[in-house]
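Here is my note on the model, as numbered points. Please keep the structure open while reading.

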Amino acid sequence: MGQRGSQRLALFFPALRWPVLLLLGLFLVIVFAFFSGAVLVAFRRLGLPPEVALTMFVFALVGSFINIPIAEERAYEPVIKLREVSFFGFLYPIPYFGVEERRMIISINVGGALVPLSIVLYELIRIAMLGQYGLLFNTLLAVLIAALICNAVSVPVRGVGIAMPSIVPPLVAVLLGWLLGDGNPTLVAYVSGTLGALLGADIMNWKKLKHLDAPMVSIGGAGTFDGVFLAGVIAVLLV
């Protein structure tokens with residue numbers, strides 16, 4: 001590359017000096033510390049012991065990079081193809097309708113889905129063993145309501161996935177926690193926020209996933225920044 005090319009690149013991508021890199025690194029450390037602290041506070045409010053809360057958070061971070069395939073979907077879509085027909089030595093392209101098979105691998109992310117699901121399962125078993133069946137019924141009712149609302153506002157976006165306003169699941173979960181908390185609004189908010197996003201946005205749109213035109217879809221694929229994970233955490237913090 002000549003000198004002029006280097007100068008043009010320098011205009012669009014100016015060199016970052018070490019003070020800028022230092023400030024950027026410091027900013028990322030502060031953001032991570034705030035985020036991890038918020039998650040740990042949410043886990044502690046759910047009644048998890050400190051060492052268990054820290055372990056689950058580490059599992060969520062590491063598991064963000066792990067996707068486990070659970071299903072394969074196939075879709076057959078009509079496409080326009082071309083074939084050549086020879087006529088007196090001349091080739092003519094003739095369009096015709098054909099069928100193309102598309103395969104999609106559906107996987108589940110460990111950090112973004114399995115970790116929050118394990119916490120939900122722990123909480124549900126705990127209140128069942130304590131004999132708090134009224135709270136258990138209210139929690140399951142809140143999950144049903146949250147799932148229906150999340151499904152109503154979720155939209156399949158071709159090539160992207162299932163899109164949904166990120167603020168909807170935690171706000172709905174907070175309201176359900178206040179209305180159906182039965183003395184434990186934090187638990188109701190977390191369970192309904194997590195399962196509401198998972199069931200409403202992903203599971204209830206399962207049949208639509210194969211039409212997203214993507215080779216793979218991961219439930220909770222954004223890890224600790226996925227809607228399934230954050231919905232429960234934000235709901236607990238708001239409550």
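1. In which helix does Val39 lie? Val39 sits in helix 2, which spans residues 18-45. A reminder before going on: this is a predicted model. Val39 has a relative accessibility of 1%. The cut-off for buried is under 20%, so Val39 counts as buried.

2. What does Val39 touch, leaving out residues up to four places away in sequence? The partners are Phe57, Phe229 and Val233. Val233 also takes part in the contact of helix 9 with helix 7. A further pair to check is Val39 and Leu237. They are 198 residues apart along the chain, yet their C-alpha atoms are separated by 8.7 Å.

3. Now the chain as a whole. The protein chain has nine helices and five strands. Read from the N terminus, the order is α-α-α-β-β-α-α-β-β-α-α-α-β-α. The chain has 239 residues, and 37% of them count as buried. It exposes about 14200 Å². Carbon and sulfur atoms supply 71% of that area.

4. How much of the contact set joins residues at least 24 apart? The share is 74%, taken among contacts between residues at least 6 apart in sequence. Val39 and Leu237 show a long sequence separation at the level of a single pair, with their positions 198 residues apart along the chain.

5. Helix 7 and helix 9 deserve a look. Helix 7 covers residues 185-202 and helix 9 covers residues 227-238. Their axes come within 8 Å and cross at roughly 155°. Angles over 145 degrees count as roughly antiparallel, so helix 7 is roughly antiparallel to helix 9. The crossing is right-handed.

6. Which residues make that contact? Helix 7 brings Thr186, Ala189, Tyr190, Gly193, Thr194, Ala197, Leu198 and Asp202. Helix 9 brings Gly227, Val228, Ala231, Gly232, Val233, Ala235 and Val236. By class, the residues of this contact divide into nine nonpolar, five polar and one charged.

7. Helix 7 also packs against helix 4, residues 110-129. Here the angle is about 135°, and the axes are 10 Å apart. That makes helix 4 oblique to helix 7. The crossing of helix 4 and helix 7 is left-handed, whereas that of helix 7 and helix 9 is right-handed.

8. The helix 4 side of this contact consists of Pro116, Leu117, Ile119, Val120, Glu123, Leu124, Arg126 and Ile127. The helix 7 side consists of Leu187, Tyr190, Val191, Thr194, Leu195 and Leu198. The split is eleven nonpolar, one polar and two charged. Tyr190, Thr194 and Leu198 of helix 7 appear here, and they appear in the contact with helix 9 too.

9. Is Val120 of helix 4 buried or exposed? Val120 is buried, because its relative accessibility is 3%. Val120 touches Tyr190, Val191, Thr194 and Leu195, not counting residues up to four places away in sequence. Val120 and Leu46 are 74 residues apart in sequence and 9.9 Å apart in space, C-alpha to C-alpha.

10. Thr139 lies in helix 5, residues 133-153. Its relative accessible area is 0%, so Thr139 is buried. Beyond residues up to four places away in sequence, Thr139 touches Leu124, Ile127, Leu187, Val188 and Val191. Among them, Leu124 and Ile127 belong to helix 4, and Leu187 and Val191 to helix 7, in the contact of those two helices.

11. Strand 2 runs over residues 90-109 and holds Pro93. Ile105 is found in strand 2 as well. Pro93 counts as exposed at 54% relative accessibility. Ile105, at 31%, counts as partly exposed. Pro93 and Arg83 are ten residues apart in sequence, with 5.5 Å between their C-alpha atoms.

12. What does Ile105 touch, not counting residues up to four places away in sequence? Ile105 touches Pro69, Ala71, Glu72, Pro215, Met216 and Val217. The C-alpha atoms of Ile105 and Glu72 are separated by 4.6 Å, and the two residues are 33 apart along the chain.

13. One backbone point to finish. Asp182 is found in the loop between helix 6 (168-180) and helix 7. Its phi is near 50°, a positive value in a residue other than glycine.

Notes. Residues are numbered from 1 along each chain as its sequence is written. This is a predicted model: local features need pLDDT of at least 70, side-chain atom pairs count only at pLDDT 80 or more; totals for chains, interfaces and linings use all residues. Side-chain values use heavy atoms; hydrogens and water are left out. Axes are lines fitted to C-alpha atoms, for helices over the stretch in contact, and angles run from 0 to 180 degrees between N-to-C directions. Helices (H or I, at least four residues) and strands (E, at least two) are DSSP runs, numbered from the N terminus. Angles under 35 degrees count as roughly parallel, over 145 as roughly antiparallel, 65 to 115 as roughly perpendicular and the rest as oblique. A crossing is left-handed if the near helix is turned anticlockwise from the far one by less than a right angle, and right-handed if clockwise. Contact means heavy atoms within 4.5 Å. Ala, Val, Leu, Ile, Met, Phe, Trp, Tyr, Cys and Pro count as nonpolar, Asp, Glu, Lys and Arg as charged, and the others, Gly among them, as polar. Buried means under 20% relative accessible area, exposed over 50%, partly exposed in between (1.4 Å probe, protein chains only). Accessible areas come from the Shrake-Rupley method with a 1.4 Å probe; for residues, only the protein chains shown count as cover.
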